[in-house]
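Visitor: I'd like to learn how to read a model like this one, feature by feature. Could you take me through it?

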Amino acid sequence: MDAETTDSAYQVLARKYRPGHFRDLIGQDAMVQTLTNAFARDRIAHAFVLTGVRGVGKTTTARIIAKGLNCTGRGDGPTVDPCGVCSACVSIGAGRHVDVIEMDAASNTGVDDVREIIESVRYRAVEARYKVYIVDEVHMLSTSAFNALLKTLEEPPEHVVFLFATTEIRKVPVTVLSRCQRFDLRRIEPEVMLSHLGAIAEKEGARIGEDALGLIVRAAEGSVRDALSLLDQALAHGGAGADGDGAIDAAAVRAMLGLADRGRLFDLFEAVMAGQTAEALAELGRQYADGADPAVVLRDLAELTHWLSVLRISDELGDDPTIPPEERDRGRALASRLSMRTLTRSWQMLLKAMEELGRAPSAIMAAEMAIIRLTHVADLPSPEELIRRLEGEAQLPPSPGPSGGGNGAAGGRGGASAPGAPRVQGNAPSGGGRPEARLSVVSGGAAAAGAMPAVAAASTAPAFADLEAVESALEQAREYLLANEVATFLRPVSLRDGVLETALAPGSPPDLPGRLSEVLGQVTGRRWSVVVSTGTGAPSLREVRETARAEAAAAAAEHPLVLAALETFPGARIVGVRPLSAETPAAAEAAGEEAAEEWVEDPDATLLDDEDDEDITTDPFEEK
């Protein structure tokens with residue numbers, strides 16, 4: 001370690017233990033290996049860009065490169081192992097070398113600042129081997145400043161090296177990045193950080209527990225500088241160090257960071273997930289009385305929810321060395337009892353609650369309302385489960401009524417219904433169904449529990465009476481495109497429980513049988529086989545409906561009133577008819593004058609229904 005200390009003033013740990021050699025950098029093995037080989041083979045680029053989150057060593061790495069380029073204690077050329085004691089190394093480490101210019105782009109953003117660099121690069125270094133320009137937070141430069149730098153950056157003099165550091169690499173123009181060697185500095189892994197902090201604490205003569213170091217590492221989020229700053233604060237907070245006599249434990253660090261006690265946090269989360277509103281509010285109140293910030297409590301609950309979700313996916317992902325073993329055991333037990341649906345819903349509600357903190361009258365009120373909402377929805381069924389319950393209740397066999405026996409599980413048309421027969425829409429029970437059973441499912445009481453065996457019994461009955469019932473079931477399942485394809489392209493041969501044998505009309509999609517089999521399995525809860533026959537099969541539903549429409553139009557055209565209307569309105573034509581209450585053209589003819597009110601005309605002459613004054617141009621046989 002390169003300890004840059006002075007006798008006159010205290011130096012913070014982040015500066016005192018700042019690396020001075022490539023071997024001192026932690027967690028950046030790939031970059032160190034590349035730079036080491038480049039120095040050893042004299043393949044040093046003229047421009048580097050170092051990117052990464054705060055505190056991972058971007059500026060420190062730039063200074064080490066500058067030392068390696070100009071060190072005089074290891075020979076006459078660049079070295080990968082600067083001595084650290086020659087005048088060049090000492091002055092570069094202190095940031096006062098005349099030929100190593102450090103520039104803060106956040107305060108020097110304009111083209112005039114870059115112009116000074118362009119004017120000075122033509123002159124050779126005064127003392128050093130290379131003139132090095134270190135530009136920190138380079139993404140803060142203006143667009144004109146970047147453009148002014150491009151030519152010099154592409155073809156700089158042999159004695160000039162540019163070192164750029166940034167936390168926002170996406171804000172650096174591609175034209176600049178293409179002229180530099182890029183190194184992405186990674187966040188430091190928890191294991192590496194724990195070892196590093198433990199070594200520094202030992203050098204400082206401090207006694208600090210592993211749990212306390214784990215809290216610091218978690219709060220640092222992979223930043224070495226943040227971790228050292230927090231360690232420095234912990235040493236001062238706990239009175240430990242060279243002059244202190246006490247050990248620092250996790251409770252002291254947790255109090256310093258303002259974190260809630262993890263054990264009590266688990267207690268609060270378990271009460272919430274159990275739906276125990278009073279107990280959860282009481283625990284939140286106790287934590288608030290002990291000084292916990294409600295915003296921090298909600299954030300810790302969200303963090304715990306995320307960690308439990310990770311444990312649900314893979315138990316190995318929870319092996320975080322910064323988490324104490326007892327917390328890991330408790331977390332695994334809790335994750336095994338909670339569903340992913342519950343955890344994701346809790347995550348969304350906690351995020352919403354954190355957004356509401358700023359608008360609430362007080363933070364504790366917002367936290368309490370969040371706890372109340374969480375406890376009341378902890379055991380609610382998911383939307384998918386609720387839909388399955390409603391659909392299952394809608395598929396109950398109807399009770400006998402004036403309309404006769406309805407269809408069974410499909411909830412569609414019963415028997416061989418005629419075109420134009422009433423349909424069951426949505427999730428409503430078919431025929432004379434029982435709406436009270438549907439309400440009992442929603443309320444979730446004993447009635448709902450008693451209704452489920454009826455659903456199971458219904459599922460054992462034959463699903464569909466004919467192809468029209470299949471079409472109706474697909475429509476109820478919102479598979480409208482597939483229902484239209486069934487009506488258009490299927491020419492049924494036979495339909496029995498679980499097997500549909502059909503011929504295909506010309507132009508049928510090749511994947512229609514497979515898709516229909518899969519969807520029918522989802523709708524009925526059983527396996528279905530759609531067999532393609534080589535025979536001709538019966539006419540498709542569309543062909544049947546088109547034939548019925550043509551016959552109805554022909555019958556209507558023979559009626560005296562229609563003939564009179566056609567004579568009265570020259571150019572008028574019959575484009576369709578409404579379905580009659582009777583089922584056959586003969587019965588329609590017998591209906592007499594009532595049939596006269598069921599025709600349709602042409603745009604040139606609109607005939608209106610005398611009963612409801614409605615335009616009757618609608619063709620009831622057109623596909624839905």
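**Reading the model**

Guide: Let's begin with one residue: leaving aside neighbours within four places in sequence, Leu 304 is in contact (heavy atoms within 4.5 Å) with Arg 262, Leu 265, Phe 266 and Phe 269. This is a predicted model, where local features need pLDDT of at least 70 and side-chain atom pairs count only at pLDDT 80 or more, while totals for chains, interfaces and linings use all residues. Residues are numbered from 1 along each chain as its sequence is written, and side-chain values use heavy atoms, with hydrogens and water left out.

Visitor: Where is the place of Leu 304?

Guide: Leu 304 sits in helix α14, residues 294-313. Helices (H or I, at least four residues) and strands (E, at least two) are DSSP runs, numbered from the N terminus.

Visitor: Does Leu 304 count as buried or exposed?

Guide: Buried means under 20% relative accessible area, exposed means over 50%, and partly exposed lies in between (1.4 Å probe, protein chains only). Leu 304 counts as buried because its relative accessibility is 0%. Sequence distance and spatial distance are worth reading side by side: Leu 304 and Trp 347 are 43 residues apart in sequence, with their C-alpha atoms 9.4 Å apart in space.

Visitor: What does Ser 309 touch, not counting residues up to four places away in sequence?

Guide: Ser 309, whose place is also in α14, touches Met 340 and Leu 343. With a relative accessible area of 14%, Ser 309 is therefore buried.

Visitor: And Arg 328: is it buried or exposed?

Guide: Arg 328 has 18% relative accessibility and so counts as buried. Arg 328 lies in helix α15, residues 325-337. Its C-alpha is 9.9 Å from that of Asp 315, and the two are 13 residues apart in sequence.

Visitor: Let's step back to the chain. How many helices and strands does its secondary structure come to?

Guide: The secondary structure comes to 26 helices and 8 strands. The chain has 624 residues, and 43% of them are buried. Taking contacts with a separation of 6 or more, residues 24 or more positions apart account for 71% of them.

Visitor: How do I read a single helix? What does α10 reach from its first C-alpha to its last?

Guide: The expected span is 1.5 Å times one less than the number of residues. Helix α10 (residues 224-238) has 15 residues and reaches 21 Å from its first C-alpha to its last, close to the 21 Å expected. Its buried residues are Val 224, Ala 227, Leu 228, Leu 230, Leu 231, Asp 232, Ala 234 and Leu 235. Those buried residues pack against α1 (13-16), α8 (190-203), α9 (210-220) and α11 (250-257).

Visitor: How do I describe two helices that pack together?

Guide: Two packed helices are described by the angle between their axes and the distance between the axes. Axes are lines fitted to C-alpha atoms, for helices over the stretch in contact, and angles run from 0 to 180 degrees between N-to-C directions. Here, the axes of α21 (residues 467-476) and α22 (residues 480-489) come within 8 Å and cross at roughly 165 degrees.

Visitor: What are α21 and α22 to each other, then?

Guide: Angles under 35 degrees count as roughly parallel, over 145 as roughly antiparallel, 65 to 115 as roughly perpendicular and the rest as oblique. The pair α21 and α22 is therefore roughly antiparallel. From α21, Leu 467, Glu 471, Leu 474 and Glu 475 meet Tyr 480, Leu 482, Ala 483, Val 486 and Ala 487 of α22. By class, this contact of α21 with α22 has 7 nonpolar, no polar and 2 charged residues. (Ala, Val, Leu, Ile, Met, Phe, Trp, Tyr, Cys and Pro count as nonpolar, Asp, Glu, Lys and Arg as charged, and the others, Gly among them, as polar.)

Visitor: Where do the axes of α22 and α23 fit in: at what angle do they cross?

Guide: The axes of α22 and α23 (residues 512-524) cross at roughly 125 degrees and come within 11 Å. These two helices are therefore oblique to each other. Leu 482, Glu 485, Val 486 and Phe 489 in α22 meet Leu 512, Arg 515, Leu 516 and Val 519 in α23. That contact of α22 with α23 has 6 nonpolar, no polar and 2 charged residues by class.

Visitor: One last feature, the backbone. What is phi of Asp 42 near?

Guide: Phi of Asp 42 is near 55 degrees, a positive value in a residue other than glycine. Asp 42 belongs to the loop between α2 (29-40) and β1 (47-51), and at 60% relative accessibility it counts as exposed. Glu 137 also has a positive phi, near 50 degrees. Glu 137 is found in the loop between β3 (131-136) and α6 (143-154), and at 21% relative accessibility Glu 137 counts as partly exposed.
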